[in-house]
Amino acid sequence: ALARIPAARFDLPPGQDMRTVFAAVPQLEIGALWGTELLLRFIPPVQWDRNVGHFAFWGLGLTHSIAQYWDRKLPLEGALQVVYQGTALRNTVGETGARLRAWAMIWSVNVHLAYTILPWRTLLYCGGAWERLRIESEYTFVLPVQVQVQLGLLPEDKQPTPEQPGDTKPQVVRPVFTDTNWKLALGVAQPVGPFTVVLDGSVSRFPLLSLGLLYQW
């Protein structure tokens, strides 16, 4: 006969409930050679804050002009872009000093078209993108003392004994998350002297709205 054993329930401590992290990412564009530009983005590993921990970001992309293959008299520009971006996160969380390490890898392939309205030099653009996300994490932790007592790893007085030494081997969990996303972007860019004001938004499962200011010399 099989005995029905009720499953034990252990509540994990609450998280930080952080939905948004703001970051200024330095970006460098080099080109163009044969209508191709190199894009570089990088944030060195820095201690963000107590909740986020050590954070790093990098990106590498290539943008190729497809407008060079049609009549240059048209005020229409087009480009194909492939970008690889990654992040790394390392932090110590919880009362037990659990160690969290996570890596994210993002691939993006997109096509953009832009039309210039003269004489205001207003740039209207749109684009479609395919994105691939992969997140790998490693969570290393020791069971809280109360949980060890409930599991019989420690005696009631919570003092380790040769028979009940406690949780001597840290637990390691390695979850992996992958996802694919399609995105449609619409935007406008207006030059004002040496500056360009950019406003755009994207329609996808993760809608985004961004406002930017570019300086060219």
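Here a visitor and a guide talk through a predicted model, asking why its parts are described as they are.

Visitor: Welcome me in gently. What makes up the secondary structure of the chain?

Guide: Gladly! The chain has 1 helix and 10 strands. Along the sequence the order reads β-β-β-β-β-β-α-β-β-β-β.

Visitor: And how much of the chain counts as buried?

Guide: Of its 217 residues, 22% are counted that way. The chain exposes about 16200 Å², with carbon and sulfur atoms supplying 63% of that area. As for contacts between residues at least 6 apart in sequence, 49% join residues at least 24 apart.

Visitor: Let's turn to the strands. How do you know that β5 and β6 pair?

Guide: Pairing asks for at least two bridges between the strands. Strand β5 (residues 98-117) and strand β6 (residues 122-141) share 19 bridges in the antiparallel sense, so they qualify by that rule. For a spot to look at, find Ile106, which stands opposite Leu133 in β6.

Visitor: What links those two strands along the chain, and which residue there takes a positive phi?

Guide: β5 and β6 form a hairpin with 4 residues between the strands, where Arg121 has a positive phi near 60 degrees.

Visitor: Which other strands does β6 pair with?

Guide: One is strand β8 (residues 176-192), antiparallel to β6 over 14 bridges; within that pairing Gly127 has Ala185 as its bridge partner. Another is strand β7 (residues 171-173), also running antiparallel to β6, with 3 bridges. There, Tyr139 is matched with Val173. The cut-off is at least two bridges, so 3 is enough for β7 to count as paired with β6.

Visitor: Why is Thr122 called buried?

Guide: Thr122 has 14% relative accessibility, and buried means under 20%, so the label follows. Thr122 is found in strand β6. Leaving aside neighbours within four places in sequence, its contacts are Tyr115, Thr116, Ile117, Val188, Ala189 and Gln190.

Visitor: What happens at the start of the strand order, with β1 and β2?

Guide: Strand β1 (residues 27-33) and strand β2 (residues 36-47) are antiparallel partners over 6 bridges, and Gly31 is bridged to Glu37 in β2. Their hairpin has 2 residues between the strands, and Trp34 takes a positive phi near 55 degrees in it. Strand β2 also runs antiparallel to strand β3 (residues 54-65), joined by 10 bridges. In that pairing, Leu39 has Gly61 as its partner in β3.

Visitor: Now the rings. How many aromatic pairs are there?

Guide: The count comes to 3. One of them is Tyr84 with Trp107, whose ring centres are 5.0 Å apart and whose planes meet at 50 degrees.

Visitor: What makes the pair of Tyr84 and Trp107 tilted?

Guide: Centres within 6.5 Å make a pair, planes under 30 degrees apart would be stacked, and planes over 60 would be edge-to-face. At 5.0 Å the rings pair, and at 50 degrees they fall in neither of those classes, so tilted is the name. The pair links distant parts of the chain, with Tyr84 in strand β4 (residues 76-93) and Trp107 in strand β5, 23 residues apart.

Visitor: Why are Tyr84 and Trp107 both called partly exposed?

Guide: Partly exposed lies between the buried limit of 20% and the exposed limit of 50%. Tyr84 has 24% relative accessibility and Trp107 has 43%, so each value sits in that range.

Visitor: How do you know that Phe195 and Tyr215 are a tilted pair?

Guide: Their ring centres are 5.2 Å apart and their planes are at 50 degrees, so the pair is tilted. Phe195 lies in strand β9 and Tyr215 in strand β10, so the pair ties together parts 20 residues apart in sequence. Phe195, at 37% relative accessibility, is partly exposed, and so is Tyr215, at 47%.

Visitor: Which residues make the nonpolar surface patch?

Guide: Val192, Phe195, Val197, Leu199, Leu209, Leu211, Leu213, Tyr215 and Trp217 form it, covering about 1100 Å². Two elements give two or more residues, namely β9 (195-203) and β10 (208-215). The largest share, 4 residues, comes from β10.

Visitor: What makes Val197 exposed enough to belong to that patch?

Guide: Patch residues need over 30% relative accessible area. Val197, in strand β9, has 36%, so it passes that cut-off while still being partly exposed.

Conventions
Residues numbered from 1 in each chain as written. Predicted model: local features only at pLDDT ≥ 70, side-chain atom pairs only at ≥ 80, totals over all residues. Heavy atoms only, no water. Buried < 20%, exposed > 50% of the residue type's maximum accessible area, 1.4 Å probe, protein only. Contact = heavy atoms within 4.5 Å. Areas by Shrake-Rupley, 256 points an atom, 1.4 Å probe, with all protein chains shown as cover. Patch = residues over 30% accessible without salt bridge, like charges linked within 9 Å, V, L, I, M, F, W, Y side chains within 5 Å. Salt bridge = Lys/Arg side-chain N within 4 Å of Asp/Glu carboxyl O. Phe/Tyr/Trp six-rings, centres within 6.5 Å; stacked < 30°, edge-to-face > 60°.
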